[in-house]
Amino acid sequence: MSIRPHVADQSLVMRTGAWPDYALIDSGDGRKLERYGRFSVVRPEPQCLWRPRLGPEAWDKADAVFDPSDEDEAGNWRFAKGPIPPFPLSWDGVRFQGQFTNFRHLAFFPEQAANWAWLKDRVTAAGPGAKVLNLFGYTGVASLVCAAAGAAVTHVDASKRAIGWARDNAAMAGLQDRPIRWICEDARRYVQREARRGARYDGVILDPPKYGRGPNNEVWRLFEDLPELAKLCVELLSENASFILLNAYAARISGVALAHLLAQELEGRAGRIDWGELALKEETTDRQIGLSFFARWTPDLAPPDLGR
Ligand SMILES: C[S@@+](CC[C@H](N)C(=O)[O-])C[C@H]1O[C@@H](n2cnc3c(N)ncnc32)[C@H](O)[C@@H]1O
């Protein structure tokens, strides 16, 4: 009988609750009220179909509100006391910058904290010097979490600007001397080249957008291009690899679909694939907002410990 990983029967919801520099304070009426460091922020969130728990006195005093009214996609931030420059944040001892972008977010995604915690465990389990590849790495918090846990990281992103922010974050985190390679390249091209060279990694992270472009205008389309990329990423796994983590925000994807793509490509390896969604949980209630889908493989057969 051929060996293949076990795909978990049930979906997991990986919840991110409040951490010292982040909280989902309240949500409702198509918006969320969050705290980033010392700033409170209101952002649109059409999924919040319910009523907010707190009254206007809490929402109206926000330091920054993203107003989608006069935008197509870009939109505007309205600041209560003037623009807020980049400001320091940290997660589990890893420092990085929050900054208000035109894309409704603050240059990182707080719900990814659930993935960061898992990555930290996997890198620690793999042992010092584990080689990690982070594709579509953006501002690099996942890369920094892995580097802080002892990994040698290759961080790939198509945007020079994002790589610049990620390097600034590494300096802020005091990790500038760790073995992190910053590569500005099309993710697919890079992986094709690594596969040809016979490179191997102990862990691979990929969080592709629905649509993107490489530095030489190479087009990335999730639904067309993910199967080949997933196949190549599996090829890059070392014999004793510790993990592969696939994340996606695209609306028409699901965790279980990502899991079965990985299962197909991981034929010949044992282990298990867990899948599901990442959600932000309100600080003082159990109300949650599901935000992205994930599937992740480990060579372990034991179900994940959800005790945290
Ligand atoms: C949604 S962000 C990824 C989020 C990131 N993993 C995180 O948790 O912070 C998408 C990133 O993919 C990059 N990107 C888009 N198309 C790309 C391509 N063809 N090759 C490499 N990176 C690409 C963008 O520059 C952007 O930084």
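A residue counts as buried when its relative accessible area is under 20%, as exposed when that area is over 50%, and as partly exposed in between. The legends below use these words for a predicted model.

**Figure 1. A salt bridge within helix H5 joins Glu194 and Arg197.** The closest N and O atoms of Glu194 and Arg197 are 2.5 Å apart. Both residues belong to helix H5, which covers residues 187-197. They are three residues apart, about one turn of the helix. Glu194 has a relative accessible area of 5%, so this residue is buried.

**Figure 2. Arg4 and Glu267 link distant parts of the chain by a salt bridge.** The N to O distance between the two side chains is 3.1 Å. Arg4 sits in the segment before strand E1 (6-7), whereas Glu267 sits in the loop between helix H7 (255-265) and strand E17 (272-281). The two residues are 263 residues apart. Arg4 has a relative accessibility of 46% and therefore counts as partly exposed. Glu267, with a relative accessible area of 41%, is also partly exposed.

**Figure 3. Strands E6 and E7 are tied together by Asp67 and Arg78.** These two residues form a salt bridge in which the closest N and O atoms are 3.6 Å apart. Asp67 is in strand E6 (residues 64-67) and Arg78 is in strand E7 (residues 76-79), so the bridge joins parts that are 11 residues apart in sequence. Arg78 is partly exposed, at 48% relative accessibility.

**Figure 4. Asp26, Glu282 and Arg287 are linked in a network of salt bridges.** Side chains of opposite charge can pair when their charged atoms come close. Over the whole structure, a search finds 16 salt bridges.

**Figure 5. The surroundings of Asp63.** Asp63 is found in the loop between helix H1 (56-59) and strand E6. With a relative accessible area of 15%, Asp63 is buried, because the cut-off for that word is under 20%. Leaving aside residues up to four places away in sequence, Asp63 touches Arg38, Phe39 and Ser40, and also Arg78, Phe79, Ala80, Lys81 and Ile84.

**Figure 6. Strands E3, E4 and E5 pair through two hairpins.** Strand E3 (residues 22-28) runs antiparallel to strand E4 (residues 31-36), and six bridges connect the two. One of the bridge partners in this pairing is Arg35 of E4, which lies opposite Ala23. Two residues separate E3 from E4 in their hairpin, and Asp29 in the turn has a positive phi of about 50°. On E5 (residues 39-44), the pairing with E4 is again antiparallel and again has six bridges. Here Glu34 has Val41 of E5 as its bridge partner. The hairpin of E4 and E5 also has two residues between the strands, and Gly37 takes a positive phi near 60° in this hairpin.

**Figure 7. Helix H3 is mostly covered and packs against helix H2.** In H3 (residues 141-148), seven of the eight residues are buried. They are Val141, Ala142, Ser143, Leu144, Val145, Cys146 and Ala147. Gly150, just after H3, has a positive phi of about 110°. Helix H2 (residues 113-126) packs against H3 at an angle of about 30°, and the two axes are 9 Å apart. H2 and H3 are therefore roughly parallel, since angles under 35 degrees count as such. Their crossing is right-handed. H2 makes the contact through Trp116, Leu119, Lys120 and Val123, and H3 through Val141, Ala142, Val145 and Cys146.

**Figure 8. Helices H6 and H7 pack at an angle of about 50°.** Two packed helices are described by the angle between their axes and the distance between the axes. For H6 (residues 222-235) and H7, the axes are 9 Å apart. The angle makes H6 oblique to H7. H6 passes H7 in a right-handed crossing. On the H6 side, the contact is made by Leu226, Pro227, Ala230, Lys231 and Val234. On the H7 side, Leu258, Leu261 and Glu265 take part.

Note on methods
Residues are numbered from 1 along each chain as its sequence is written. This is a predicted model: local features need pLDDT of at least 70, side-chain atom pairs count only at pLDDT 80 or more; totals for chains, interfaces and linings use all residues. Side-chain values use heavy atoms; hydrogens and water are left out. Two strands pair if DSSP finds at least two bridges between them. Helices (H or I, at least four residues) and strands (E, at least two) are DSSP runs, numbered from the N terminus. A salt bridge is a side-chain nitrogen of Lys or Arg within 4 Å of a carboxyl oxygen of Asp or Glu. Buried means under 20% relative accessible area, exposed over 50%, partly exposed in between (1.4 Å probe, protein chains only). Axes are lines fitted to C-alpha atoms, for helices over the stretch in contact, and angles run from 0 to 180 degrees between N-to-C directions. Angles under 35 degrees count as roughly parallel, over 145 as roughly antiparallel, 65 to 115 as roughly perpendicular and the rest as oblique. A crossing is left-handed if the near helix is turned anticlockwise from the far one by less than a right angle, and right-handed if clockwise. Contact means heavy atoms within 4.5 Å.
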